[in-house]
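Thank you all for making the time this morning. I would like to walk you through one structure, and I will try to say at each step which cut-off I am using.

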Amino acid sequence: QVQLVESGGGLVQPGGSLRLSCAVSGTIFSTWPMGWSRQAPGKQREWVATITSDGTNYADSVKGRFTISRDNAKNTVYLQMNSLKPEDTAAYYCNVQTPVKAYWGQGIQVTVSS
């Protein structure tokens, strides 16, 4: 069974930075895509970033501000978020895409406010 646990969220002022971590337990392979999505109150969940063996991809809304990375030895994926804006406020979810199904974490809140 694959389980994902996010950490690193919280309250930050506009223009600030946060780094989210997602620790994955269970057997996963470095070739499996991992990513982050987010969901703001009253809105649908939206894709943020993905990392695969071929590289990284980002939503236009975060490109140039967010960086996704992974440490395969630690089974952990990260999301470095810089120049945060109030519109980045949301619950952030990490996921791993296996050949059979996608697994999701429980989510962690990020609030950008002065």
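I will go through the strands, the disulfide, the nonpolar core and then one aspartate.

Please keep in mind that this is a predicted model, in which local features need pLDDT of at least 70 and side-chain atom pairs count only at pLDDT 80 or more, while totals for chains, interfaces and linings use all residues. Residues are numbered from 1 along each chain as its sequence is written, and side-chain values use heavy atoms, with hydrogens and water left out.

Let me start with the strands, which are DSSP runs of type E with at least two residues, numbered from the N terminus. Strand S1, residues 3–7, runs antiparallel to S3 and is joined to S3 by five bridges, where pairing requires that DSSP finds at least two bridges between the strands. Within that pair, Leu 4 stands opposite Val 24. S3 also pairs with S8, again in the antiparallel sense, over six bridges, and there Ser 21 faces Tyr 78.

What does a search of the whole structure find in the way of disulfides? It finds one, a disulfide being a pair of cysteine sulfur atoms within 2.5 Å. Cys 22 is joined to Cys 94, with an S to S distance of 1.9 Å, and the link is right-handed, with 50° about the S-S bond. The pair connects distant parts of the chain, since Cys 22 sits in strand S3 and Cys 94 in strand S9, 72 residues apart. Cys 22 counts as buried because its relative accessibility is 0%, where buried means under 20% relative accessible area with a 1.4 Å probe and protein chains only.

Turning to the largest nonpolar core, a set of buried Ala, Val, Leu, Ile, Met, Phe, Trp, Tyr and Cys residues joined through side-chain atoms within 4.5 Å, we find 31 residues, of which Leu 4, Trp 36, Leu 79, Met 81 and Tyr 92 touch the most other members. Among the elements that give two or more residues to this core are S3, S8 and S9.

Finally, Asp 88 lies in the loop between strand S8 (76–81) and strand S9 (90–97), and Asp 88 counts as buried because its relative accessibility is 1%. Its side chain makes a polar contact, at 2.9 Å, with the side chain of Arg 38; such a contact is a pair of N or O atoms within 3.5 Å, one able to donate a hydrogen and the other to accept it, and residues adjacent in sequence count only if both atoms are side-chain atoms.

Definitions and conventions. Helices (H or I, at least four residues) and strands (E, at least two) are DSSP runs, numbered from the N terminus. Buried means under 20% relative accessible area, exposed over 50%, partly exposed in between (1.4 Å probe, protein chains only).
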